[in-house]
Each structure stands twice: as C-alpha cells, then as structure tokens.
Amino acid sequence: MAEMVEPNYRKVMPLPTSPSNTKTLGELMQVITIIDSDPSKDVTTSASLQGYQHNPQEAWLPITESRNGNTFFAAFHLLCSGIGLQALLLPVAFATLGWAWGIICLSLAFAWQLYTIFILIRLHESVPGIRYSRYMHLAIVSFGPKLGKLLALFPVLYSSGGTCIILIITGGRTLDLIFKTLCDRDAMCHAKSLTNTEWFLVFTCLAILIAQLPNLNSVAWVSLIGAITVVLYSTLIWSLSITKDRPIGISYSQSDKLKSNMEIFSDVLNALGIIALAFKGHNVILEIQGTLPSSPKQTSYKPMCTGVTISYIVIAMCQYPLAIGGFWAYGNKVPYSGGQGLLTAFSQIHGPNTSKLIMTSIYLLVLVNCLCTFQVYTMVVFDNLEVRYTSKKNRPCPRWVRTCLRIFYGGLAFFLSVTFPFLGSLAPLVGGATLPLTFAYPCFMWIAMRKPRPNGLVWFINMGLGCFGIVLTVLIVIAAAWTLADKGLKANFYKP
C-alpha cells in the first residue's frame with residue numbers, strides 16, 4: 001500500500017480519493033497516516049526504519065509484513081520471477097527474424113525492459129515518506145482511481161494469477177514426463193502413470209504446501225532454489241544442444257515464397273511478441289522492493305538497484321545462449337506448440353540418445369523451478385485476498401483464515417488449469433495484453449509522477465517509448481489473433 005509519512009505534521013494527509021462515498025478498491029489502496037506531533041520524538045524510529053509502517057494494515061499483509069529483506073533476497077526473487085520457460089522459445093523468434101535482426105531485437109527489448117524496471121524502483125519512493133509497494137497502487141496514483149484500475153487491473157491479475165495457472169499446467173506435465181522417462185521401456189517398472197488431471201493436482205498440492213510460508217520475505221530461500229534451478233536447466237539445455245550433432249535438413253531462414261505479405265508480417269510480429277514475453281516479472285518488482293527496509297536517510301533504491309543489476313546480468317547470461325545456441329543447434333526445427341520450445345526440440349531430437357539420468361535431471365530442475373516461481377507470483381494474489389479481510393475486520397488474518405484462503409486459491413487455480421489446459425497456446429494473444437505493464441505504463445507513470453519539462457528530452461523519451469509500447473502491443477495482439485484464426489485452436493476444455 002502507498003503510505004504517507006511527513007515528519008512534524010499535525011494533520012491527516014490522504015492520497016486523492018474517489019468521489020464516491022462507498023468503499024472502492026481504489027480507496028482500500030490508499031492510506032491515511034497521522035503522525036505524532038511531539039517534536040521530542042525522533043522520526044527515525046524502529047517503525048520508520050522498517051519502511052514507515054505507521055499504518056498497521058501494512059504489517060498484516062504478505063507483501064509488507066516483513067521488511068527485513070536485503071539486496072541478495074531481492075536478487076533471488078528477481079531471478080526466480082524474471083526468467084522462465086518463455087526464454088526457451090527465443091530460437092523460434094530467431095527462425096523468423098534471422099541472426100542479425102534476432103540479436104538486435106533481443107538486445108533492444110532487454111535494454112527497454114531494464115530501463116522500465118529502473119523507472120519503477122525509482123518511483124517506489126519518488127515522494128519522501130511514501131512507498132508504493134504494489135503495481136496497482138502506483139497505477140492508481142499515476143493515472144487516477146478509475147483510469148488506473150481500468151488500465152492495470154486485468155494485466156496485473158493475469159500476470160499473477162494466469163502465471164500460476166500456466167505453472168500448474170507446465171509442472172503437472174513435467175511430472176508426467178519424469179514418470180515416463182523413469183518408467184517407460186523399463187521392464188522392472190510396472191507402475192501406471194496418473195492422468196494429466198491427477199498430475200496437475202499433485203503439483204498444486206505441493207505448491208500450496210510450500211505456499212503456507214507467511215510472507216514474500218520468508219520465501220527468499222525458495223526463490224534462491226528457483227534461481228539456481230533455472231540457471232542450471234537453461235545451461236544444461238543449450239550446452240548439450242550445441243555439443244550434439246545438428247539434425248539433418250535444418251535451415252536458418254524461413255522460405256517466404258509461398259507466404260502472403262500478411263503471413264510474413266504476422267510472423268514477424270509473433271516473433272517480436274515471443275521476445276517481449278520472454279521478459280516478465282514487472283508486476284512483482286514493486287512488491288519485491290517493498291520487502292526491503294527504508295528510512296529517511298537510506299531508502300530502498302540503492303540496494304534494489306544492486307539486486308536488479310546482479311539478477312539481470314545472470315538473466316542475460318541465460319537468455320542470450322538459449323537464443324543463439326538454440327537457434328544454431330536446431331534452426332527452424334524448434335517447435336512453437338507446447339510453449340517449451342528448446343526443451344521440446346532437445347527431447348524429441350536428442351532425448352532418445354541422451355541418458356535417462358540427464359533427461360530426468362533436466363525435467364526435475366524444470367519442476368522445482370515451477371514450484372518456486374509459483375510462490376513469488378501467488379504471494380501477490382494472497383496479498384489481494386487478505387487486504388479484503390483486514391479492511392473489513394480491521395485486524396490481521398488469523399492463521400487458520402490465511403491457510404483457508406491459500407487452499408481456496410490453490411483449488412481455484414487447479415480448477416482453471418483443468419478447465420483451460422490450452423492456456424499456454426493463448427499466451428501470445430492474452431499475454432500480449434500484459435505487455436504495457438513492462439514496456440509502456442512505467443514510462444507514462446514517470447511523466448505523471450515526476451512531471452518532467454514538457455517536450456524536453458526526458459519527456460520525449462518516455463512519451464515515445466510509452467506510445468510505441470502501446471502500438472506494439474496492439475499489433476502483437478492482432479497478429480496473435482490472426483494466427484489463431486488461421487491455424488485454429490485445440491480448445492480441449494477439461495481434457496488436459
């Protein structure tokens with residue numbers, strides 16, 4: 001929540017509120033703080049050193065319950081949430097764009113999203129004494145209660161909840177792959193595999209069991225495990241791919257002779273969408289920064305910058321080899337369907353000739369990473385659920401209520417994953433609508449919050465990037481919709 005603290009002020013300092021007398025979501029996201037007027041009391045008390053927690057509700061919610069994080073904890077969270085299976089699709093984008101344009105577009109997208117990350121962490125405490133520890137709150141303050149919710153509500157909900165559902169689908173299928181790798185073609189193994197629905201349930205139970213950790217800061221070590229596993233499986237996949245023989249008949253350029261101009265244009269936009277969707281986690285940047293301590297003398301900006309720098313150096317060391325090495329190893333034979341790109345190509349082409357131990361290790365690393373990443377994204381959902389309870393009851397959630405809320409969400413996510421097991425195929429379409437969270441909104445937020453000189457260099461850069469991000473989002477969504485209409489969608493409801 002945004003929290004306002006001004007030293008030696010006698011009056012209440014509310015943020016702008018909705019004209020309605022009823023309690024809206026926007027009002028719940030605003031904090032009114034009264035500061036003791038006794039000048040003998042030092043502002044830098046233990047409460048202020050932990051992030052100006054004068055509003056008791058901040059200390060009741062999973063995101064801001066603990067502000068004892070540090071640079072390394074932030075780096076663990078950023079690594080775990082900032083890279084995933086989407087990076088395995090980068091060779092597919094290179095197959096359309098080619099070597100030169102693929103590397104150029106990947107580099108530009110990397111620099112762009114890194115720029116917007118630094119915008120967000122600067123805006124986290126852009127006004128002295130105020131912390132915006134949630135993306136939605138910053139959007140509401142920047143754009144107003146109505147427009148902020150209209151623009152950011154769906155992208156934030158999908159980026160958090162939708163990611164959890166896709167992780168259940170991916171994790172459940174990975175469990176099935178582990179079982180089949182260990183038991184298939186083994187005369188000593190007589191066990192029968194579970195159905196995909198049952199594997200989804202097994203993954204969900206494991207994920208919700210870990211999710212009983214109380215707050216985002218407490219899952220830092222889980223994020224460390226997730227960061228290690230994503231680096232390991234990324235390195236294993238690209239290094240093994242380039243050391244084995246390349247398949248016969250691979251090509252490094254698409255044959256466009258039989259394609260119409262619309263098809264070529266759509267392929268290019270879809271490739272750009274793949275690159276853009278490889279960068280995720282902006283919807284949890286402010287939440288991660290909210291776990292760091294802050295005081296009037298030393299804000300959370302510098303430790304967060306250090307954490308971002310460390311994590312994104314590692315992310316670059318994972319993504320570039322995956323894109324370049326994967327494209328060199330398989331060319332245009334990296335499949336797009338299934339959403340696992342390079343992993344699927346390696347399994348199909350080199351899996352039969354790779355030891356069972358290595359294949360099982362890769363699948364196990366993917367599974368553990370899915371379980372750990374689930375914790376970071378689902379904590380945002382838990383925070384939204386608990387804010388309703390704490391606002392109504394004006395007290396923290398009892399342990400049993402918190403447990404019930406998390407089990408309820410786990411059941412809901414499991415139900416949706418079984419209902420929409422093809423959600424990964426819709427990622428270019430639905431996920432494309434979340435791209436403004438990464439590439440556009442932070443630029444507009446900077447203009448709204450910091451008010452740079454109109455038509456100046458800073459204003460021009462942010463306005464240009466923001467508008468280009470919106471245009472790119474619209475084009476990518478249109479291209480994804482056109483591709484789905486052209487190729488069709490296997491909507492296997494309740495048949496994972």
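## Arg-402, Glu-386 and Arg-406

Arg-402 has 10% relative accessibility, so this residue counts as buried. In this predicted model, Arg-402 forms a salt bridge with Glu-386, at 2.9 Å from N to O. The two sit in distant parts of the chain: Glu-386 belongs to helix α13 and Arg-402 to helix α14 (residues 399-419), 16 residues apart.

Glu-386 also pairs with Arg-406, with 3.5 Å between the closest N and O atoms. Arg-406 lies in α14 and Glu-386 in α13, so this pair ties together parts 20 residues apart in sequence. Glu-386 is buried, at 1% relative accessibility. Arg-406 is buried too, at 1%.

## Asp-383 and Arg-134

Asp-383 and Arg-134 form a salt bridge, their closest N and O atoms being 2.7 Å apart. This pair links distant parts of the chain. Asp-383 is in helix α13 (residues 356-393), while Arg-134 is in the loop between β2 (130-131) and α5, 249 residues away. Asp-383 counts as buried, with 3% relative accessibility. Arg-134, at 5%, counts as buried as well.

Both residues belong to a salt-bridge network that also includes Glu-58 and Arg-67. Across the whole structure, the search finds seven salt bridges.

## Helix α17

Helix α17 (residues 441-450) is mostly covered, with eight of its 10 residues buried. Among them are Tyr-441, Phe-444, Trp-446 and Met-449. What do the buried residues of α17 pack against? Their partners are α4 (90-123), α5 (135-143), α6 (145-183), α16 (435-439) and α18 (457-487).

Just after α17 comes Lys-451, with a positive phi of about 50 degrees.

Notes:
Residues are numbered from 1 along each chain as its sequence is written. This is a predicted model: local features need pLDDT of at least 70, side-chain atom pairs count only at pLDDT 80 or more; totals for chains, interfaces and linings use all residues. Side-chain values use heavy atoms; hydrogens and water are left out. Buried means under 20% relative accessible area, exposed over 50%, partly exposed in between (1.4 Å probe, protein chains only). Helices (H or I, at least four residues) and strands (E, at least two) are DSSP runs, numbered from the N terminus. Contact means heavy atoms within 4.5 Å. A salt bridge is a side-chain nitrogen of Lys or Arg within 4 Å of a carboxyl oxygen of Asp or Glu.
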